Amino acid sequence: MAVILVTGATAGFGRAIAVRLVKEGHRVIGTGRRADRLDALRRELGDAFLPQVLDVTDAGKVAALPETLPADWRKVEVLINNAGLALGVGKAQDSKLEDWKTMIDTNVTGVVEVTRAFLPQMIERNHGYIITLGSIAGTYPYVGGNVYGATKAFVAQFMRNLRTDLLGTRIRASTIEPGLCGGSEFSNVRLRDNQKAADVYKGTDPLTPEDIAGTVSWLLSLPPHVNINAIEMMPVCQAAGGLAVDRKSD
Ligand SMILES: NC(=O)c1ccc[n+]([C@@H]2O[C@H](COP(=O)([O-])OP(=O)(O)OC[C@H]3O[C@@H](n4cnc5c(N)ncnc54)[C@H](OP(=O)(O)O)[C@@H]3O)[C@@H](O)[C@H]2O)c1
């Protein structure tokens, strides 16, 4: 059973992943900014869960994390880069630059820095697995997807390029790219309005955080010679919407 680090374990996918992996016998280090949520998870999951308050945009703390973990938690075999967010649904021309920067700092720089912090020990042991949460927004453009989608395209390509650099090692890298998923705080954070967030899922049967946790569990169950590069998953009620044309009337 492995020591697994899950970023963003205070809510949504990260929480469900932590719960599932502890139930499957792993030891999980869960990070996030909200200490109370992490403490509650520790009470729920017991000694197999180690809470670590961490803002992934704090470069110094991220770099120091591997050495500041308790000695028997330092050999992180699986890193799950899950912490991330979308802010706003406005068109690019109507979006706030601050929101764009926060998404880039969290979804791009945060993922790069956390990965860089744990890669050397994986290389040293020639053993490890990095799973990153992308999104269908990284593949399919939609109105208001602008910088969020671009950050998810970045992480998908980062994982593909990691695979290339890691060829010859026994370290694996995968991206999970979900579509519409309810049961998390994603839309509450994005829309900053709980009613509008609830409306996103009205009349739908979306993916759930448990579906994502199940996918992580399946990836970890595969034999060590198998690398799934990417998984794109949507609920049955969702499909890609096609191209748009702007036609002027005569
Ligand atoms: N839900 C969807 O429809 C969907 C679809 C595709 C992809 N995704 C991706 O899946 C991942 C998880 O999303 P979710 O739906 O589970 O969202 P969520 O419920 O809002 O959870 C996001 C998690 O990220 C953490 N986080 C955000 N900013 C952070 C920071 N600066 N430092 C540390 N932790 C931070 C949050 O913890 P704290 O606030 O406590 O720090 C929280 O635990 C994200 O990368 C998201 O982009 C979501």
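Me: Let's start in the sheet. Which residue in E6 stands opposite Gly 128?

Reply: In this predicted model, Gly 128 has Ile 171 of E6 opposite it. Gly 128 belongs to strand E5, residues 128–133, and Ile 171 to strand E6, residues 171–178.

Me: What makes E5 and E6 a pair of strands?

Reply: Pairing needs at least two bridges between the strands. Six bridges join E5 to E6, so the two strands count as paired. They run parallel.

Me: How do you know that E6 and E7 are paired too?

Reply: The same reasoning works here. E6 and E7 share four bridges, and the requirement is at least two, so they pair. Their sense is again parallel, and Pro 178 stands opposite Met 233 in E7.

Me: What is the order of the strands in the open sheet?

Reply: Seven strands make up the sheet, in the order E3-E2-E1-E4-E5-E6-E7, with parallel pairing.

Me: What makes E3 and E7 the edge strands?

Reply: Strand E3 (49–53) and strand E7 (230–233) each pair on one side only, and that makes them the edges. Between neighbouring strands of the sheet the average turn is 15 degrees, direction ignored.

Me: Which residues of E7 lie on its covered face, and which on its uncovered one?

Reply: Ile 231 and Met 233 form the covered face of E7, while Ala 230 and Glu 232 form the uncovered one.

Me: Now for the aromatic residues. Why is the pair of Tyr 148 and Phe 186 called tilted?

Reply: Two values decide it. The ring centres are 5.5 Å apart, and the limit for a pair is 6.5 Å, so the rings do pair. Their planes meet at 55 degrees. Stacked would need under 30 degrees and edge-to-face over 60, so tilted is the class that fits.

Me: What does this pair tie together?

Reply: Tyr 148 lies in helix H5 (residues 146–165) and Phe 186 in helix H6 (residues 186–191), so the pair ties together parts that stand 38 residues apart in sequence.

Me: Why is Tyr 148 called buried, and why is Phe 186 called partly exposed?

Reply: Tyr 148 has a relative accessible area of 7%, and under 20% means buried, so the label fits. Phe 186 has 28%, which lies between the 20% and 50% cut-offs, so Phe 186 is partly exposed.

Me: How do you know that Phe 154 and Phe 158 form a tilted pair?

Reply: The centres of these two rings are 6.1 Å apart, and a pair needs them within 6.5 Å, so this one qualifies. The angle between the planes is 35 degrees, neither under 30 nor over 60, so the pair is tilted. Both residues are in helix H5, four residues apart, about one turn of the helix. Phe 154 is partly exposed, with a relative accessibility of 36%. The total count is two aromatic pairs.

Me: What makes Val 22 buried?

Reply: Val 22 has a relative accessible area of 13%, and the cut-off is under 20%, so Val 22 is buried. This residue lies in helix H1 (residues 12–23). From Val 22 to Phe 49 the C-alpha to C-alpha distance is 7.1 Å, although they are 27 residues apart in sequence.

Me: What sets the backbone of Asn 126 apart, and where does Asn 126 lie?

Reply: Asn 126 is not a glycine, yet its phi is positive, about 50 degrees. The residue is in the loop between helix H4 (97–125) and E5. At 32% relative accessibility, between 20% and 50%, Asn 126 counts as partly exposed. Arg 192 also has a positive phi, near 55 degrees, without being a glycine; its place is the loop between H6 and helix H7 (194–200).

Me: One last topic: empty space. Why is the space lined by Thr 7, Val 56 and others called a cavity?

Reply: A cavity is a space where the probe fits but cannot get out, whereas a pocket is open. The structure holds one cavity of 30 Å³ or more, with a volume of about 30 Å³. Its lining includes Thr 7, Val 56, Asn 81 and Thr 106. H4 gives the most to this lining, four residues. By class, the lining has four nonpolar, four polar and no charged residues.

Notes. Residues are numbered from 1 along each chain as its sequence is written. This is a predicted model: local features need pLDDT of at least 70, side-chain atom pairs count only at pLDDT 80 or more; totals for chains, interfaces and linings use all residues. Side-chain values use heavy atoms; hydrogens and water are left out. Axes are lines fitted to C-alpha atoms, for helices over the stretch in contact, and angles run from 0 to 180 degrees between N-to-C directions. Rings of Phe, Tyr and Trp (its six-membered ring) pair if their centres lie within 6.5 Å; planes under 30 degrees apart count as stacked, over 60 as edge-to-face and the rest as tilted. Buried means under 20% relative accessible area, exposed over 50%, partly exposed in between (1.4 Å probe, protein chains only). On a 1 Å grid over the protein atoms alone, a cavity is a set of points where a 1.4 Å probe fits but cannot get out, and a pocket is an open set with protein on both sides within 12 Å along at least five of seven lines; lining residues have an atom within 4 Å of a point. Grid points are joined across faces, edges and corners, and a volume is the space filled by probe spheres set on the points. Ala, Val, Leu, Ile, Met, Phe, Trp, Tyr, Cys and Pro count as nonpolar, Asp, Glu, Lys and Arg as charged, and the others, Gly among them, as polar.
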